[in-house]
Every structure is written in structure tokens, then in C-alpha cells.
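This report covers one protein chain, with attention to its pockets, its fold and a few individual residues. The sequence and the structure are shown below.

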Amino acid sequence: MFGFEQFLAINRRLTGFWRLAWLNLLWIAVTALGLGVLGVGPASYAMAKYLHRWFRYGETPPSTRTFFRYARELRWQPVLVGAVLMGAGGVIFVNLASFSDWYLRAANLLALGVLWIIAAYVFTVLAALDVKGLRAQLTSALLLGVGSLHWTIIGTTAVVIGHALMLRFALPLLAMFGVALPAAVFAAICSRILRDLEPAAAEDPAIPARTIAHPVQRTDALTSHPESVSDRVHPLPKGTPA
């Protein structure tokens, strides 16, 4: 029978879908306010941080106020990250359109795949990890994606299939979930990866922390205290029985 718990579960799922749609609209609004280049970075960071706090810790604060607060949180750092990603993407697409040699096109396709991995994880790295410096942040995102390559492939496949279905059967849904879908997929993946990376003791306080083992010292080593009279060895005279 359809009970009260099932009704609550359906209500939670519907609320989550509507929250994702609203976050997608907020992302579009912040990006437009920043004229694209200046807005895409803060909007993506705000989306990643809200989804990370939601999926990782179950926090669902008021969406609009929290989203705009997150967008202003790191000032110019997300702007710089977004500009670097957009600039690198523009160079790669220009190369793909202009080069005719297969090996150059293959190199640019490989670079495009690397850029996709970085873009999928870098804003969650900004939101969830304390990594300083643009190079370290981009490198951490790449290592996170390559280190969990199977999850990256699964997430990318889910995003491609979801966008293809929306383009084929429900084009208006692309405006509602076009950015929120990949952001939600990779936020869920990052939450799982970061949970697996944390030690068990941090998750369960009842588990005692591992103690650092000290190296065992040799018992036959000479001690630092002066040798006592009783410890001295007196040689036996020659011919005297032991």
C-alpha cells in the first residue's frame, strides 16, 4: 500500500528536482550578470559548493541567498579559473577547426578530454578542499578525475545520455537542467570519492586512532649509563677452571 513514508520519499525527490532546476536558473542569472566570462566561474563555484554541502552533509539552506553568497565568497579566484578554462577551450576548438592532420586533431581531442575532466572537478576542489594556487587546484582536479577514471567515465556517459534525451524529447528541460545535470552528477561522484579518501577514524569517532609505532631498540646495545663494578667482566686466570 501507498503509505505516508512513500509519500514523504516522493515529496523529497520532487523537492530535489525543483531545487536543481532553481539552481540552474540561478547559475544562468549569475553568469549573465557577470557578462559570461566574469560570471561563469563564480556561478559554477556557487553551484558546486551548494551541491557538495547538500550531497555530502545534507544541508539545504535557502537557495537564492546562499547561492549569491557563495558566488561572492572567493572573489576573483573562481573568475580566474573560469577564464582559464574558457580560454583553453576556445584554443582547442579553434585548433580542431583549423588543423587537418589526424595526429594534431587527435592531440587536441586528448587535450579536450583533459580539459573536461578538470572542468568537471575543479570547482568542487575549490569548494571542498583547501588547495592554494591556480596550478595546484587544476592539478588536483585532474588527479581526482584520473584517479577515479571509472567514475569519470560513468558520469560523463550519464551526462551525455541525459542531454541527448532532453534534446530529442524534451528540449525545455535543457534550459531547466542543462547545467544542473552535470553539476549534480559530478558533485555526487566527488562526494563519494572524498568519503572514500577520508580515514575511517574521521568518520567514526568510536574507532581509535592508529598509534605510531616506535622502532624497537636492540637490547644488546651499550647503554648510556656508566658501567657498574658488578657488570664488569673479570677474565679468569689461565689454568683456572670456570
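## Largest pocket

In this predicted model, four helices each give at least two residues to the lining of the largest pocket: helix 2 (40-57), helix 4 (77-98), helix 5 (102-128) and helix 9 (180-197). Helix 5 supplies the largest share, 10 residues. The pocket holds about 790 Å³ of space. Its lining counts 27 residues, and those closest to the centre are S44, W116, A119, A120 and F123.

What classes of residue make up the lining of the largest pocket? There are 20 nonpolar and 7 polar residues, and no charged ones.

## Second largest pocket

The second largest pocket has a volume of about 160 Å³. Its lining is made of V30, L33, G34, L38, P42, F68, A71, R72, R75 and V79. Helix 1 (4-33) and helix 3 (63-71) are the elements that contribute two or more residues to this lining.

By class, the lining of the second largest pocket has 7 nonpolar residues, 1 polar residue and 2 charged residues. The largest pocket, by contrast, has no charged residues in its lining.

## Fold and surface

The protein chain contains 10 helices and 0 strands, and its pattern along the sequence reads α-α-α-α-α-α-α-α-α-α. Among the contacts with a separation of 6 or more, 68% join residues 24 or more positions apart.

How much of the protein chain is buried? Of its 242 residues, 33% count as buried. The exposed area of the chain is about 16,300 Å², of which carbon and sulfur atoms supply 68%.

## Loop residues and positive phi

Two residues other than glycine have a positive phi: L35, at about 55°, and R75, near 60°. L35 sits in the loop between helix 1 and helix 2, while R75 belongs to the loop between helix 3 and helix 4. L35 counts as exposed because its relative accessible area is 73%, over the 50% cut-off. R75 is also exposed, with a relative accessible area of 67%, and is one of the residues that line the second largest pocket.

Is S148, a loop residue, buried or exposed? S148 lies in the loop between helix 6 (134-147) and helix 7 (149-169). S148 counts as buried because its relative accessibility is 11%, under the 20% cut-off. Leaving out residues up to four places away in sequence, S148 touches Y121 and I193.

## A29 in helix 1

A29 is placed in helix 1. At 32% relative accessibility, A29 counts as partly exposed, since that value falls between the cut-offs of 20% and 50%. A29 and V40 are 11 residues apart along the chain, and their C-alpha atoms are separated by 9.9 Å.

## Confidence of the model

The protein chain has a mean pLDDT of 82, with 80% of its residues at 70 or more. Which residues have a pLDDT that stays under 50? That holds for residues 200-242, where the model has 8 contacts beyond four places in sequence. Where pLDDT is low, predicted coordinates should not be read in detail.

Key: Residues are numbered from 1 along each chain as its sequence is written. This is a predicted model: local features need pLDDT of at least 70, side-chain atom pairs count only at pLDDT 80 or more; totals for chains, interfaces and linings use all residues. Side-chain values use heavy atoms; hydrogens and water are left out. pLDDT is the predictor's confidence in each residue, from 0 to 100. Contact means heavy atoms within 4.5 Å. Buried means under 20% relative accessible area, exposed over 50%, partly exposed in between (1.4 Å probe, protein chains only). Accessible areas come from the Shrake-Rupley method with a 1.4 Å probe; for residues, only the protein chains shown count as cover. On a 1 Å grid over the protein atoms alone, a cavity is a set of points where a 1.4 Å probe fits but cannot get out, and a pocket is an open set with protein on both sides within 12 Å along at least five of seven lines; lining residues have an atom within 4 Å of a point. Grid points are joined across faces, edges and corners, and a volume is the space filled by probe spheres set on the points. Ala, Val, Leu, Ile, Met, Phe, Trp, Tyr, Cys and Pro count as nonpolar, Asp, Glu, Lys and Arg as charged, and the others, Gly among them, as polar.
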